[in-house]
Amino acid sequence: YRVPGTDTMLIKAKGPNEVGVRYTRPEDIIEVDFNANKVWGPDGLQPPSESYLHIWMFKKNPDVQSTIHIHPRPAVLLTICNKPILPIYSAYGTGVNLALAGVDTYQRSIRILNDELGEDFANFMGPKKAALMRGHGISVVGSSIEDATVRAIALDELIPDWKDKGAPLKTPVTEDRFLVLTEKSALRIPNVLLPPLMGNHGNYV
């Protein structure tokens, strides 16, 4: 949430004293500036690594007051399988308008860990209110926390029965990439150094 009139935001913190999202308490929220530095908050909590996603959505879009980034399984599954979101469910709800307008997918399957990636994702989003992130999740924005939350729920409700359908996996694996993720970068491990059991040749996603 953008703190009005400042270059800071409120965000759920990470760290040794963090709790799960569904158990979030007021004391789990910290204030972070647009350089991803902690301004205020309890000890044992720090800015999450993907703060840059939120920061750049605020920098690029002055009207955006709230950004939500989450990892719902349906969105992860659809983007891995290259399947679009269609306006089939929730015909009279908020979600169908998102589907009719088209929910684009950010094709870089990577965490937003620095200013360069944050700006790149914000440029991809442009004026859009929601986007899928390949193999990662979704990001939505709104004029308030409530507005962004309703939009995230609406997007999720467009695909409510993916599990009942057996989560069909029909896209053949064409390439394996194994990365070691750090706070600010990703290091690729050559496939020849990996044991055979970590290969996905002949599998589907």
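Modeller: Before we start: a helix crossing is left-handed if the near helix is turned anticlockwise from the far one by less than a right angle, and right-handed if clockwise. Keep in mind that this is a predicted model.

Biologist: Okay, so what is the handedness of the crossing of H1 and H4?

Modeller: The crossing of H1 and H4 is right-handed, so the near helix is turned clockwise from the far one.

Biologist: And why are H1 and H4 called oblique to each other?

Modeller: Their packing angle is about 50°, with the axes 8 Å apart. Angles under 35 degrees count as roughly parallel, and the roughly perpendicular range is 65 to 115. The angle of H1 and H4 fits neither class, so the two helices are oblique.

Biologist: Which residues meet where H1 packs on H4?

Modeller: From H1 you get Tyr-52, Leu-53, Trp-56, Met-57 and Lys-60; they meet H4 residues including Phe-121, Ala-122 and Met-125. By class, the contact holds seven nonpolar, two polar and three charged residues.

Biologist: What makes Lys-60 and Glu-119 a salt bridge?

Modeller: Their closest N and O atoms are 3.5 Å apart. The cut-off is 4 Å between a Lys or Arg side-chain nitrogen and an Asp or Glu carboxyl oxygen, so the pair qualifies. Lys-60 sits in helix H1 (residues 51-60) and Glu-119 in helix H4 (residues 115-125), 59 residues apart, which makes this a link between distant parts of the chain.

Biologist: How do you know whether Lys-60 and Glu-119 are buried or partly exposed?

Modeller: Buried needs under 20% relative accessible area and exposed needs over 50%. Lys-60 comes in at 35%, so it counts as partly exposed. Glu-119 has 31%, so Glu-119 is partly exposed too.

Biologist: What makes Asp-120 and Arg-108 a salt bridge?

Modeller: Their N to O distance is 3.6 Å, and the limit is 4 Å, so they make the cut. That pair ties Asp-120 in H4 to Arg-108 in the loop between strand E5 (105-106) and H4, 12 residues apart. Asp-120 is partly exposed at 32%, and Arg-108 is partly exposed at 41%.

Biologist: Which residues are joined into one network by salt bridges that share partners?

Modeller: Arg-25, Glu-27 and Asp-28. Within that network, the closest N and O atoms of Arg-25 and Asp-28 are 2.8 Å apart.

Biologist: Why is Asp-28 called buried?

Modeller: Its relative accessible area is 2%, and buried means under 20%, so the label follows. Arg-25 has 36%, so Arg-25 is partly exposed.

Biologist: How many salt bridges does a search of the whole structure find?

Modeller: Nine.

Technical notes: Residues are numbered from 1 along each chain as its sequence is written. This is a predicted model: local features need pLDDT of at least 70, side-chain atom pairs count only at pLDDT 80 or more; totals for chains, interfaces and linings use all residues. Side-chain values use heavy atoms; hydrogens and water are left out. Buried means under 20% relative accessible area, exposed over 50%, partly exposed in between (1.4 Å probe, protein chains only). Helices (H or I, at least four residues) and strands (E, at least two) are DSSP runs, numbered from the N terminus. Axes are lines fitted to C-alpha atoms, for helices over the stretch in contact, and angles run from 0 to 180 degrees between N-to-C directions. Angles under 35 degrees count as roughly parallel, over 145 as roughly antiparallel, 65 to 115 as roughly perpendicular and the rest as oblique. Contact means heavy atoms within 4.5 Å. Ala, Val, Leu, Ile, Met, Phe, Trp, Tyr, Cys and Pro count as nonpolar, Asp, Glu, Lys and Arg as charged, and the others, Gly among them, as polar.
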